[in-house]
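New to this one? Take a look at the sequence and the 3D view first, and then we'll walk through it together.

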Amino acid sequence: MQINFSGLRALVTGAGKVEQWAVALGCRRCLYPLTGIGRDTVKALHDSGAKVVAVSRTKEDLVSLSKELPGLEPICLDLGDWEATEHALGNIGPIDLLVNNAAVLLPEPFLEVSKEAFDRTISVNLRSVIQVSQMVARGMIARGVPGSIVNISSISSRSAITSLTSYGSTKGAMDIVTKIMALELGPHKIRVNTVHPTVVLTNMGKKVSARPEFVKTMKARTPLGKFAGACDLH
Ligand code: NAP
């Protein structure tokens, strides 16, 4: 299928990560380098003709991405900081496509869930989605143009996974927030959807794959018996 986003401007959060895990595994058959979902999304949008604004936290990641993609608009920002986000994105200009992808995963057993990890997870994974979407949607409505917002959720919003109280609850909340956004923004011709990946071998995927029993269960539930981005051995 040919997708043409020429003339459109897209914003992707959590756009930076590039992970050298394949090298650490000593596996040259796995996708190399393993890139974050946001970084690959930026590339796909860029290749489809969109002008892309890439928001992420680590400057080096954005520098290397900008070298790969001429014309990219990088914005280095901690989305967990409401005021900094307002400052950086308040006057972002016209956006037609938004992908809310940035997230943190800070695993803790339920009895050890800390205020710090819970608050951080909520502010990055959920509150920033609402904040950035508000800014972008207000712009779409003011310009009277249609638009599309995609929120990257997770299967952990639907299935209980141990030690993911904070992360899973932000994704569960994101699912209902997405439905409310779709309901309220639909009349303005703004579509809002979620995507629910299973395990993808990224920086984040590496964290959840560190537990052998989790890997066994998840692979058993995956028809291809392997995680996204992996070779047949992994
Ligand atoms: P990733 O490789 O760790 O990438 C996450 C990106 O978000 C990074 O660029 C990271 O930048 C950025 N980010 C995190 N906190 C930020 C903050 N406060 N401000 C700005 N940027 C921030 O993760 P991924 O696996 O690609 O995950 C992408 C999305 O898919 C997430 O929403 C995740 O929940 C979802 N997902 C992933 C999996 C999986 O198995 N990988 C499964 C289901 C759902 P820094 O590294 O610089 O912090």
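## Where the ligand sits

Keep in mind that this is a predicted model. Start with the ligand: the space it takes up is the largest pocket. Three elements each give two or more residues to the shell around it, namely helix 5 (115–143), helix 6 (165–185) and helix 7 (203–208). Of the elements, helix 7 gives the most, with three residues.

## Who is around it

In total, 31 residues surround the ligand, and the closest are R57, T58, N101, Y167 and T202. Sort the shell by class and you get 13 nonpolar, 13 polar and five charged residues.

## Polar contacts with the ligand

Now for the details. A ligand nitrogen lies 2.8 Å from an N or O atom in the side chain of D78. The backbone plays a part as well: a polar backbone atom of N101 is 2.7 Å from an oxygen atom of the ligand. N101 is also one of the closest residues to the ligand. Over at T198, a polar backbone atom sits 3.5 Å from a ligand oxygen.

How much of the ligand does the protein bury? On its own the ligand exposes 890 Å², and 95% of that is buried by the protein.

## A look at S56

Finally, find strand 4 (residues 51–56), which is where S56 belongs. Is S56 buried or exposed? S56 has a relative accessible area of 10%, so it counts as buried, the cut-off being under 20%. The S56 side chain also has a polar atom 3.2 Å from the backbone nitrogen of G16.

Note on methods. Residues are numbered from 1 along each chain as its sequence is written. This is a predicted model: local features need pLDDT of at least 70, side-chain atom pairs count only at pLDDT 80 or more; totals for chains, interfaces and linings use all residues. Side-chain values use heavy atoms; hydrogens and water are left out. A residue is near a molecule or strand if one of its heavy atoms lies within 4 Å of it. A polar contact is a pair of N or O atoms within 3.5 Å; within protein, one must be able to donate a hydrogen and the other to accept it, and residues adjacent in sequence count only if both atoms are side-chain atoms. Accessible areas come from the Shrake-Rupley method with a 1.4 Å probe; for residues, only the protein chains shown count as cover. On a 1 Å grid over the protein atoms alone, a cavity is a set of points where a 1.4 Å probe fits but cannot get out, and a pocket is an open set with protein on both sides within 12 Å along at least five of seven lines; lining residues have an atom within 4 Å of a point. A molecule sits in a cavity or pocket if more than half of its atoms lie within 2 Å of its grid points. Helices (H or I, at least four residues) and strands (E, at least two) are DSSP runs, numbered from the N terminus. Ala, Val, Leu, Ile, Met, Phe, Trp, Tyr, Cys and Pro count as nonpolar, Asp, Glu, Lys and Arg as charged, and the others, Gly among them, as polar. Buried means under 20% relative accessible area, exposed over 50%, partly exposed in between (1.4 Å probe, protein chains only).
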